[in-house]
Amino acid sequence: MLAIIVATVAGRASAQVEYVDPTIGNVGILLVPTRPTVYMPNSMIRVYPMRADAMDDRIESFPLTINSHRMQELFSLMPGEDGRPAVWDQETTTPYYYSVYLGDERVRTEFTATERSGYFRMTFASGNASVVLANRLAGEIHVQPGGAVVGEERFNDMAAFVYGEFSAPVQSKLEAIGGKSRLAVSSPSAKVLEFRYGISFISAEQAKRNLNREIPAWGFERVKDAGKKRWNETLGQISVEGGTEAQRRVFYTALYRCFERMINITEDGRYYSAFDHKIHEDARPFYVDNWLWDTFRALEPLQTLLNPEMEADKIQSYVRMYQQSGVMPTFAILTGNYACMNGNHAAPWFADAWFKGVRNFDLPTAYEGIRKRSLDMTLLPWRLGPKTPLDDFYNEHGFMPALRPGEKETYPEVHPFEKRQPVPVTLENSFDDWNIAQLARELKKPEDEQLFLKRSANFKNLFRADKGLMWPKDAEGKWIEPLDPKFDGGMGGRDYYDENNGYTYTWDVPQDFNGLIALMGGTGKAEENLDQLFRAPLGRSKYEFQAKFPDSTSMVGQFSMGNEPSFPIPYIYDRLGAPWKTQKRVRMLLESFFTDELQGVPGDEDGGGMSAFVVFSMLGFYPVTPGLPIYDIVSPVFDKATIHLKNGKDFVILARNNSASNKYVQSIRLNGRPLDQVWFRHSEIANGGTLELVMGDMPNTSIGSKASELPPASASVKPEQYVH
């Protein structure tokens with residue numbers, strides 16, 4: 001791992017970027033590892049060494065950038081005469097700079113970046129510089145007279161273009177192999193060879209303009225220093241004091257990962273949109289690459305707090321995508337609409353931003369898109385298209401029907417691997433529809449409001465009282481039996497659930513926790529059930545469970561820290577009058593599963609989705625219900641944290657007497673006013689303020705325990721009541 005030396009003043013880092021360790025999580029628990037990626041915040045160029053993970057002793061190549069869908073390389077560069085994989089050593093990783101020694105070729109390879117351009121510096125021990133540039137996808141690369149490199153790659157009905165220059169005269173040899181090009185370049189007299197390049201999704205000429213604007217002259221160190229300054233400005237939006245060195249590394253690495261997506265693909269006021277395959281002129285930036293199933297829960301609320309103007313541009317980009325394609329995306333990737341996961345999660349994103357004061361987007365058109373997605377398109381997982389008979393059933397009966405054990409699928413629209421996922425489809429769309437109802441009221445559409453409020457209660461149709469769990473029903477309305485809610489449902493439980501089992505999905509009702517609590521039999525029984533979630537055994541060996549639920553990792557009883565639907569679950573204790581249990585549980589989860597090590601991420605990080613949970617929770621507050629402009633208070637990790645808001649004001653979180661053992665909140669003051677509740681409104685911090693907590697080593701079981709002090713948690717709650 002990168003050795004980090006940090007100068008501190010009174011416990012405060014002199015430069016936040018020095019705490020970032022991009023190798024954290026570079027070995028996955030079971031699935032995809034994180035990558036030591038160099039990029040500028042929310043920008044087109046993203047580069048990391050292509051290898052299986054940090055345990056792989058060879059690097060295959062370096063992309064010139066990536067399409068994050070399936071981590072697809074766009075073009076590649078590899079030092080050496082033949083471009084073969086090389087054993088690596090002496091790696092340095094930062095957000096703005098990467099360096100590695102490739103032992104087979106005896107070459108030090110360094111990289112830094114701007115928004116749309118990249119810069120390699122290669123130092124050859126032999127004094128005989130050579131490098132191979134290649135297409136990773138169908139396309140061509142060639143050297144122009146004068147030595148400039150121009151290339152194109154075609155994929156998914158679009159193209160990427162590169163224009164690059166070497167720092168010394170080069171000789172080249174071009175091969176065409178299976179619809180791709182391989183360009184071997186050498187400069188026999190050069191010990192140091194630099195390559196600077198621009199990327200475009202419009203044209204090679206635009207790629208050249210991007211390079212000339214962002215890296216107009218040679219000077220690797222200048223570009224590197226500018227990148228470091230940019231990251232310090234970005235990460236400097238939050239300054240922390242106290243905590244351990246390891247905790248600061250975890251925190252700032254998580255914050256760094258919260259700026260990898262979405263990416264701004266506007267180039268000189270133009271962008272290529274894969275949503276209608278046209279080049280558009282637009283004064284506003286156009287952002288792509290968002291995985292909303294992962295990011296609506298914490299990442300987008302975090303960016304709404306930190307960068308509200310950018311958040312408005314991102315939402316307006318979604319509006320443009322809907323106008324261009326006729327479909328409101330959930331997964332809006334570089335190559336267009338991607339049918340992935342389930343739900344209509346643009347709805348909670350839009351509502352959350354709106355009720356937190358982000359208004360600079362076309363709400364009527366945004367509403368039109370999410371309404372259409374809910375009522376006129378299929379809700380089936382991993383599908384985009386018109387309604388099916390299963391959707392008509394859902395609209396009539398209020399739940400997605402499950403197949404009985406052994407029953408064959410008869411609807412060809414159902415994904416053969418992803419299945420129907422009837423419980424999460426019902427629950428997540430119930431939440432999405434609640435958010436649509438809130439926006440309908442804002443737009444003075446009372447009939448829509450009542451329709452979507454009714455649909456938001458659909459989750460109740462799948463609560464099985466005698467089991468205390470969400471349970472699938474067949475088309476006749478009968479409970480599926482036999483069923484083990486811990487383990488049944490095929491791979492990832494997809495016949496009934498999705499990636500997680502019935503224990504996790506039982507709590508996936510953020511719009512109406514009070515309704516769920518009532519279904520369980522009241523506060524006492526619900527608290528028992530929540531305690532049991534963290535205690536219930538797997539009922540089988542760990543390897544047997546993980547072989548079937550590889551996404552459901554880092555288990556505490558039946559709770560999975562490694563998957564997004566679990567994020568709000570520890571905070572539900574706040575709604576049960578037992579916030580001390582939230583404080584204890586969240587501290588334990590952070591300390592156990594989020595460390596400054598190669599396996600320091602408990603599951604798929606998912607483009608900032610998981611990292612935002614870490615950022616919020618370590619700061620001491622969390623947005624449990626996107627769409628409702630409030631935050632729950634939890635146990636901060638740091639003695640002091642200051643969020644420098646874009647309006648020039650500061651929101652300060654102070655935790656007095658804080659320590660590893662003093663994790664329980666004893667008293668709360670917000671902006672000088674005593675609080676007996678463990679939540680506050682976004683409006684109370686949007687113009688700056690101070691949240692002051694006194695911590696202790698024993699629970700204060702009275703604070704936040706009265707019914708009048710509980711966070712709003714009913715479907716009848718109107719978010720606008722909490723705006724001011």
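# A walk through the model, starting at D474

Select D474 to begin: with a relative accessible area of 3%, D474 is buried. Before going further, keep in mind that what you have open is a predicted model.

**Stop 1: the partner of D474**

Now add R404 to your selection. D474 and R404 form a salt bridge, and their closest N and O atoms are 3.4 Å apart. D474 sits in the loop between β26 (469-470) and α12 (502-505), while R404 sits in the loop between α9 (389-397) and α10, so the salt bridge ties together parts that are 70 residues apart in sequence. Is R404 buried or partly exposed? R404 is partly exposed, at a relative accessible area of 38%.

While you're in the loop between β26 and α12, click on P482, which belongs to that loop too. The peptide bond that joins E481 and P482 is cis, with omega about -10°.

**Stop 2: more salt bridges**

How many salt bridges are there by this rule? The count comes to 47, and here are a few worth a click.

Select E428 and R297. These two form a salt bridge, with 3.6 Å between the closest N and O atoms. E428 is in helix α10 (residues 422-442) and R297 is in the loop between α4 and α5, so to speak a link between distant parts of the chain, 131 residues apart. Both E428 and R297 are buried.Next, pick R196 and E165. Their side chains meet in a salt bridge, 3.0 Å from N to O. R196 belongs to strand β16 (residues 192-200) and E165 to strand β13 (residues 158-166), and the pair links distant parts of the chain, 31 residues apart. R196 and E165 are both buried.

For a group rather than a pair, select E110, R121, E221 and K224. A network of salt bridges links these four residues.

**Stop 3: helix α5**

Go back to R297 and move along the chain to residues 299-306, which make up helix α5. Why can α5 be called largely enclosed by the rest of the structure? Because eight of its eight residues are buried. Color them one by one if you like: L299, E300, P301, L302, Q303, T304, L305 and L306.

**Stop 4: the largest pocket**

Select V32, W291, D294, D604 and D606. Of the 38 residues that line the largest pocket, these are the closest to its centre. The space in this pocket comes to about 850 Å³. Two elements, α4 (292-295) and β23 (331-333), give two or more residues to the lining. What classes of residue make up the lining? There are 17 nonpolar, seven polar and 14 charged residues.

Keep V32 selected and add I29, L30 and L31. Together these residues make a nonpolar surface patch of about 300 Å². L31 is in the loop between β2 (12-13) and β3 (58-59), and it counts as partly exposed, with 35% relative accessibility.

**Stop 5: the second largest pocket**

Stay in the loop between β2 and β3 and click on N42, which is found there as well. N42 is among the residues closest to the centre of the second largest pocket, along with P41, R230, Y287 and M310. That pocket is lined by 17 residues and has a volume of about 360 Å³. Helices α2 (220-235) and α6 (308-325) each supply at least two residues of the lining. By class, the lining has five nonpolar, six polar and six charged residues.

N42 deserves a second look for its backbone. Its phi is near 55°, a positive value in a residue other than glycine. As for its surroundings, N42 is buried, with a relative accessible area of 6%.

**Stop 6: more backbone oddities**

For some background, most residues other than glycine have a negative phi, and most peptide bonds are trans. With that in mind, here are two more spots to visit.

Select S554, in the loop between α15 (542-548) and β27 (555-556). The phi of S554 is near 55°, a positive value in a residue that is not glycine. Is S554 buried or exposed? S554 is buried, with a relative accessible area of 13%.

Last, select R261 and M262. The peptide bond from R261 to M262 is cis, with omega near -5°. You'll find M262 in the loop between α3 (245-257) and β18 (263-264).

Notes. Residues are numbered from 1 along each chain as its sequence is written. This is a predicted model: local features need pLDDT of at least 70, side-chain atom pairs count only at pLDDT 80 or more; totals for chains, interfaces and linings use all residues. Side-chain values use heavy atoms; hydrogens and water are left out. On a 1 Å grid over the protein atoms alone, a cavity is a set of points where a 1.4 Å probe fits but cannot get out, and a pocket is an open set with protein on both sides within 12 Å along at least five of seven lines; lining residues have an atom within 4 Å of a point. Grid points are joined across faces, edges and corners, and a volume is the space filled by probe spheres set on the points. Helices (H or I, at least four residues) and strands (E, at least two) are DSSP runs, numbered from the N terminus. Ala, Val, Leu, Ile, Met, Phe, Trp, Tyr, Cys and Pro count as nonpolar, Asp, Glu, Lys and Arg as charged, and the others, Gly among them, as polar. Buried means under 20% relative accessible area, exposed over 50%, partly exposed in between (1.4 Å probe, protein chains only). Patches are made of residues with over 30% relative accessible area and no salt bridge: like charges are joined within 9 Å, nonpolar side chains (Val, Leu, Ile, Met, Phe, Trp, Tyr) within 5 Å. Accessible areas come from the Shrake-Rupley method with a 1.4 Å probe; for residues, only the protein chains shown count as cover.
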